[in-house]
Structure formats: structure tokens, C-alpha cells
Amino acid sequence: MQRIRLRYTKRGRLRFTSHRDFQRAFERALRRAEVPMAYSAGFTPHPKVSYANAAPTGTGSEAEYLEIALTEARDPDKLRELLDESLPTGLDIVDAVEARTSGLADRLTASVWELRLEGVAPDDARRAVDMFNAAETVEVQRLAKNGMRTFDARGAVAHLEAREAGVGASVETHFETHSPQADRPTDHPCAILRLVVRHVTPAVRPDDVLSGLRAVADLAPPVPAEVTRLAQGLFDEETGTVTDPLAPDREAVVALSMATPTAAASQAPA
């Protein structure tokens, strides 16, 4: 059985698709592309697809991940092209690699988010960010299944900065996340927040950080923020960077391809 890991996006109006909507669209794409999927056992077999830490409905994303299991080996790049052609524009398969390591979900320990605040002056955003960063704790509330829950939104935030639209940010990632098709309109100036959040329990989402900014600095955008996940992966505490979670699989594939000819040569007759 072969396992393939994919990175996909949610762009433009497709950011409003729910995770269940994407699941249905992806399973249809698997059938159209005639992917030799492995299926679960039982009375209602379903394709073996593992989703990891999906973004909330209404947010765009450049870095969503899933893993599929195949009964026959396929070239990851060709498989990516076939699936991308079978999905609507906006739900784009942008990367594929054969799984050679375990624990993909364990490598998704942080996310990089971009929040576009229409109607907010950059100076006001910087003042609010400074107050948020200076606070030891920022308590916010969120409605959960068992009622209203209060938790700290500050502890999970590894980095938060404000800038003007079109100005570069200092947060780094170790893989490409930017795209001209990303959900980032640039029709007029506004404040941009760049946010790195550790994946903790309870999860701290971008809207929780916005609630925290309102609590500490009375920052309230006149329209809902446009939120895009730029990256997610392993967070390096020393450098403050978020690394590509598929890199270990790529490295393992390269190492295997280099080792195979060597092993064949050592077995050849003298």
C-alpha cells in the first residue's frame, strides 16, 4: 500500500466551503481521476483519506494537508496534476509527496495567518498589537458545545505584528506559501496583521486573537477580517520559523533514491 501526502488550498470564494464540502468534492475528484484508493473494512467502506487540522469555514488557506492510501503505486506529481484538474479552481492541489515518515499531524504544531483589517488605520493596529504583545494573559470568550468558555488567547501567540498592505513582514517560513491566486485583495490600503499561533488545547484561532485585541485595545474592525492561513508546520522555538511538514518525506525519498543504486552495485557479481 502506498501513501501520498498532499497540500491543497482554499482560495477566493472557495474559502467559504466547509470541511465536509471539501471532503465530498475531493472524493468526487478521486473517482474522476480514477485513483486506485484503498478502502476501509466494514459495512460502509470509505476511501482511506486522513485530514489534518483543517482551517475553519470562511478562512482562506495556502496550507491544508491530507494523506491518501493507494492499492497501486502512482507517481506523486502526476497524481497531483490529475486531482488538481478534477477539483474546482480555488481548491488547488499544490504539492504531493510519497509518505516515507510517520506522524504528519505531529509536525503541524503552528500556523502562520494573515488578517486583513479593512477600514483600520495601520497606526491603530500597531498600537493594539503592542498592547496585546505586552500583556501576560489576554482572556477571551468563545461559545463552545457546553456553553461559553473563557481562555487565554495570549499564551499560544508566538508572533504578532501589524503592517500596511504591500509592506513585507518579518515572519519567515521555510517553504513557499505565497501565490498570486491567494485570497488577498489589494483594492485599497488597510492594516495587515501577521500572526503565528501554536496549536494548543483549547485551540486559539485568529478570531480569538481579534477578540483579544478588542479586549486590550478596543480595536474593532468595521467589517469582518479576511483571514488566510499562509503556512502550517513544525514551529522552531529558537528561530521562530514554521517549517515545511512535507520536507522529511522529500528528504527520505531522495535518500532512498541515492541508496538504491549503491545497494544494486554492491550486489552485482565481481
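User: In this predicted model, what is the relative accessible area of Asp207, and how should that value be read?

Analyst: Residues are called buried under 20% relative accessible area and exposed over 50%, with partly exposed in between. Asp207 has a relative accessible area of 38%, so this residue is partly exposed. Arg205 is read in the same way, because its value of 30% also places it in the partly exposed class. The side chains of these two residues, Arg205 and Asp207, meet in a salt bridge with an N to O distance of 3.4 Å.

User: Which residues are joined into one network by salt bridges that share partners?

Analyst: Side chains of opposite charge can pair when their charged atoms come close. In this structure, salt bridges with shared partners connect Arg3, Arg5, Glu67, Arg107 and Asp249 into one network. The count of salt bridges comes to 19, and one of them joins the side chains of Arg5 and Glu67, at 2.6 Å from N to O.

User: Where in the chain do Arg5 and Glu67 lie, and is Arg5 buried or exposed?

Analyst: Such a pair is best placed by its secondary-structure elements and then by its accessibility. Arg5 belongs to strand S1 (residues 2–10) and Glu67 to strand S3, so that the pair, 62 residues apart, links distant parts of the chain. Arg5 is buried, at a relative accessible area of 1%, and Glu67 also counts as buried, at 14%.

User: What does Arg229 form with Glu64, and why does the pair tie together separated parts of the sequence?

Analyst: Arg229 and Glu64 form a salt bridge in which the closest N and O atoms are 2.8 Å apart. Because Arg229 lies in strand S10 (residues 226–235) and Glu64 in strand S3, the pair ties together parts that are 165 residues apart in sequence. Both Arg229 and Glu64 are buried.

User: Which side chain does a polar contact join to that of Arg163?

Analyst: The partner is Glu114, whose side chain is joined to that of Arg163 by a polar contact of 3.1 Å. Arg163 is located in strand S8 (residues 157–164) and counts as buried, with a relative accessibility of 11%.

User: Which residues form a negative surface patch?

Analyst: Residues enter a patch if they have over 30% relative accessible area and no salt bridge. Here Asp75, Asp77, Glu81 and Glu85 together make up a negative surface patch. Among them, Asp75 sits in the loop between strand S3 (60–70) and helix H2 (76–86), and its 39% relative accessibility is why Asp75 counts as partly exposed.

Terms used: Residues numbered from 1 in each chain as written. Predicted model: local features only at pLDDT ≥ 70, side-chain atom pairs only at ≥ 80, totals over all residues. Heavy atoms only, no water. Patch = residues over 30% accessible without salt bridge, like charges linked within 9 Å, V, L, I, M, F, W, Y side chains within 5 Å. Areas by Shrake-Rupley, 256 points an atom, 1.4 Å probe, with all protein chains shown as cover. Salt bridge = Lys/Arg side-chain N within 4 Å of Asp/Glu carboxyl O. Lys, Arg positive; Asp, Glu negative; His and termini not counted. Charge placed at Lys NZ, Arg CZ, Asp CG, Glu CD. Helix = DSSP H or I, 4+ residues; strand = E, 2+ residues; numbered from the N terminus. Buried < 20%, exposed > 50% of the residue type's maximum accessible area, 1.4 Å probe, protein only. Polar contact = N/O pair within 3.5 Å; in protein donor to acceptor, adjacent residues only side chain to side chain.
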